[in-house]
Amino acid sequence: MSTQKDYAFWVKLATRASVTVAITLIAVKLWAWLATDAASLLASLTDSMLDGLASLFTFFSVRYALQPADREHRFGHGKAESLAALVQSALITGSALLLLVHSAQQLWQGGAPSQPTLGVYVSLFAIVATLGLVILQRQAIKHTDSKAIAADHLHFQSDLLLNSAVIAALLLSAYGWYWADSAFAILIACYLGYGAIRIGWEAFQGLMDRELPDDDKAKIIEVLKSTEGVHGWHDLRTRSSGPVRFIQCHVELQDELSLRAAHAIADRAEQRLRELFPDTDVIIHMDPLSEVPAHRETTPTPASP
């Protein structure tokens, strides 16, 4: 994970780009849908409108999450990111249901879109704009591991498939396959609903303080094992909140050590963990070997699926 300064730079850049692209695509697709009356294009427009709302919410939530800890929020404001992702999930689910109903009605009633070529050109423009945003978001996620940006990235990534499906539907409709427009819109709605469930689940896990990934926990354990003076460890607990990770555990030390010597060993372990994971809140409790509980947790808790 990057430093706090790098984290702020990347999430601000990604959210600004997301809002800009979303607003541009809403304007272009609204004009194209009014001209063509294509259900698949309405599907794309609906998704872009939700992209805009979600991106705006993420834009402000991420900035709130970046605020330092204060007297009322001693652990910071990082969970605002997970909240933003959860709101995105609800918005996407609602749009998918509305789109499903509209497309089913149009499929039942029949009819072909007008000016399908215009819809194709608009969708190609949307693919190019969205692809540029997705590449930028991928870099932001690489540097920050932000849940809010990851949710936004998943949504815009689905837009690439969505716009490709719109092009296919319009081309098929132009050759007489009129049902393709509504059928593709229904498939898109189902895909959006599936994506919303994934986003919501990840956001929920973040709000519920899910443990860090097993790979990260294995690195933490390796640091504890290799710290001179540490004879064991137990009760490792981890979580993340926005850009900040939290690590708590007990280390087992020789009974004969002075308080100063034991404190030095714990400090050394904490410093090594902070070097491995920047911007991490580490708390290590020192236990004499003779007081170590017989039944203690010494293995990583598997992450939830």
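This is a short conversation about how some terms apply to the predicted model above.

Tutor: In this predicted model, local features need pLDDT of at least 70, side-chain atom pairs count only at pLDDT 80 or more, and totals for chains, interfaces and linings use all residues. Residues are numbered from 1 along each chain as its sequence is written, and side-chain values use heavy atoms, with hydrogens and water left out.

Student: Why is the aromatic pair of F9 and W10 called edge-to-face?

Tutor: Rings of Phe, Tyr and Trp (its six-membered ring) pair if their centres lie within 6.5 Å, and planes under 30 degrees apart count as stacked, over 60 as edge-to-face and the rest as tilted. F9 and W10 lie 5.5 Å apart, centre to centre, with 80° between the planes, so the pair is edge-to-face.

Student: Why does W10 count as buried or exposed?

Tutor: Buried means under 20% relative accessible area, exposed over 50%, and partly exposed in between (1.4 Å probe, protein chains only). W10 has 17% relative accessibility, so W10 counts as buried. F9 has 49%, so F9 counts as partly exposed. Across the chain, buried residues make up 47% of the 305 residues.

Student: How do you know that the charged end of R239 sits over the ring of F246?

Tutor: The term requires NZ of Lys or CZ of Arg within 6 Å of the ring centre and within 35 degrees of the ring normal. The charged end of R239 is 4.1 Å from the centre of the F246 ring, so the distance meets the cut-off, and R239 is listed as sitting over that ring.
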